[in-house]
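I sat down with this one to look up a few side-chain details. My notes follow, in the order I made them.

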Amino acid sequence: MEAEQSFSDICGGRLALQRRYYSPSCREFCVSCPRLSLRSLTAVTCTVWLAAYGLFTLCENSMILSAAIFITLLGLLGYLHFVKIDQETLLIIDSLGIQMTSSYASGKESTTFIEMGKVKDLVINEAIYMQKVIYYLCILLKDPVEPHGISQVVPVFQSAKPRLDCLIEVYRSCQEILAHQKATSASPM
């Protein structure tokens, strides 16, 4: 079963949340950000090239134009490959673990997997960001030394930064799976 719903990020931009229910113990959540706008890309490129042309007319050195083109292209490729994330995915499987995947605009993917035995809980936390309070979903990892302690906090959907209403949808669904996992691991066989 698949469902898609529209939400917004902390700045008011559009986000799409796709929920895929593979089984009662396996769910996937994909938060998609808007693609790179051709209008903004053109505006930035034209601004850099016009500034370079202005310097060229003052200095009459063609290296300035060549450098501006080269720097613009390298900057764009670096932005697409290392910065602009189009989609973030959270896959939670009851008996296995949690996998987080970030898909960049260039097609590169970055994946992190956390074993379910290391997961203490999944919570919605709050933080102060740019003079306002925002909420974010995070995974609390068990401390191997102290059983009731937390060793690490792993934020989810770092790039998309969805608002609280979107996070609540993901949180409730994940808590169902975590509750089911805790119940099955506590029951004797």
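**Entry 1: a pair in H1.** I started with Tyr 53 and Phe 56, which both belong to helix H1 (residues 38-59). They are three residues apart, or about one turn of the helix. I keep in mind that this is a predicted model. How are the two rings arranged, and how far is it from centre to centre? Tyr 53 and Phe 56 form a tilted aromatic pair, with 6.0 Å centre to centre and 35° between the planes. The angle is neither under 30 degrees nor over 60, so the pair goes down as tilted. My count of aromatic pairs came to one.

Next I looked up accessibility for both. Tyr 53 has 47% relative accessibility, so I noted Tyr 53 as partly exposed. Phe 56 is also partly exposed, because its relative accessible area is 24%, and buried would need under 20%.

**Entry 2: a charge over a ring.** While on aromatic residues, I checked Tyr 104. The charged end of Lys 108 sits over the ring of Tyr 104, 4.5 Å from the ring centre.

**Entry 3: salt bridges.** How many salt bridges does a search of the whole structure find? I wrote down four, and looked at some of them one by one. As background, side chains of opposite charge can pair when their charged atoms come close.

I took Glu 169 with Arg 19 to begin with: they form a salt bridge with the closest N and O atoms 2.5 Å apart. This pair links distant parts of the chain, since Glu 169 is in helix H3 and Arg 19 in strand S2, 150 residues apart. Is Arg 19 buried or exposed? Arg 19 is buried, because its relative accessible area is 10% and the limit for buried is under 20%. Its partner Glu 169 is partly exposed, with a relative accessible area of 29%. Arg 19 has another partner too: its side chain makes a polar contact with the side chain of Gln 5, at 3.0 Å. For my own orientation, strand S2 covers residues 14-23.

Then I went to Arg 27 and Glu 176, a salt bridge with the closest N and O atoms 2.8 Å apart. Here too distant parts of the chain are linked: Arg 27 lies in strand S3 and Glu 176 in helix H3, 149 residues apart. Arg 27 counts as buried, at 10% relative accessibility, whereas Glu 176 is partly exposed at 48%.

I also noted Glu 28 with Arg 20, whose side chains meet in a salt bridge at 3.0 Å, N to O. Glu 28 and Arg 20 are both buried.

**Entry 4: the nonpolar core.** In soluble globular proteins, nonpolar side chains tend to be buried together, so I went looking for the core. Which residues have the most contacts inside the largest nonpolar core? They are Leu 90, Ile 139 and Phe 157, in a core of 27 residues. Elements giving two or more residues to this core include S2, strand S3 (26-32), strand S4 (85-93) and strand S8 (132-142). Helix H3 gives the largest share, six residues.

Finally I listed contacts for Leu 90, leaving aside its neighbours within four places in sequence. Among them are Phe 29, Ile 98, Met 100, Leu 137, Val 156, Phe 157, Val 170 and Cys 174. I was pleased to meet Arg 27 and Glu 28 from my salt-bridge notes in that list as well.

Conventions:
Residues are numbered from 1 along each chain as its sequence is written. This is a predicted model: local features need pLDDT of at least 70, side-chain atom pairs count only at pLDDT 80 or more; totals for chains, interfaces and linings use all residues. Side-chain values use heavy atoms; hydrogens and water are left out. Helices (H or I, at least four residues) and strands (E, at least two) are DSSP runs, numbered from the N terminus. A polar contact is a pair of N or O atoms within 3.5 Å; within protein, one must be able to donate a hydrogen and the other to accept it, and residues adjacent in sequence count only if both atoms are side-chain atoms. A nonpolar core is a set of buried Ala, Val, Leu, Ile, Met, Phe, Trp, Tyr and Cys residues joined through side-chain atoms within 4.5 Å. Buried means under 20% relative accessible area, exposed over 50%, partly exposed in between (1.4 Å probe, protein chains only). Contact means heavy atoms within 4.5 Å. Rings of Phe, Tyr and Trp (its six-membered ring) pair if their centres lie within 6.5 Å; planes under 30 degrees apart count as stacked, over 60 as edge-to-face and the rest as tilted. A charge sits over a ring if NZ of Lys or CZ of Arg is within 6 Å of the ring centre and within 35 degrees of the ring normal.
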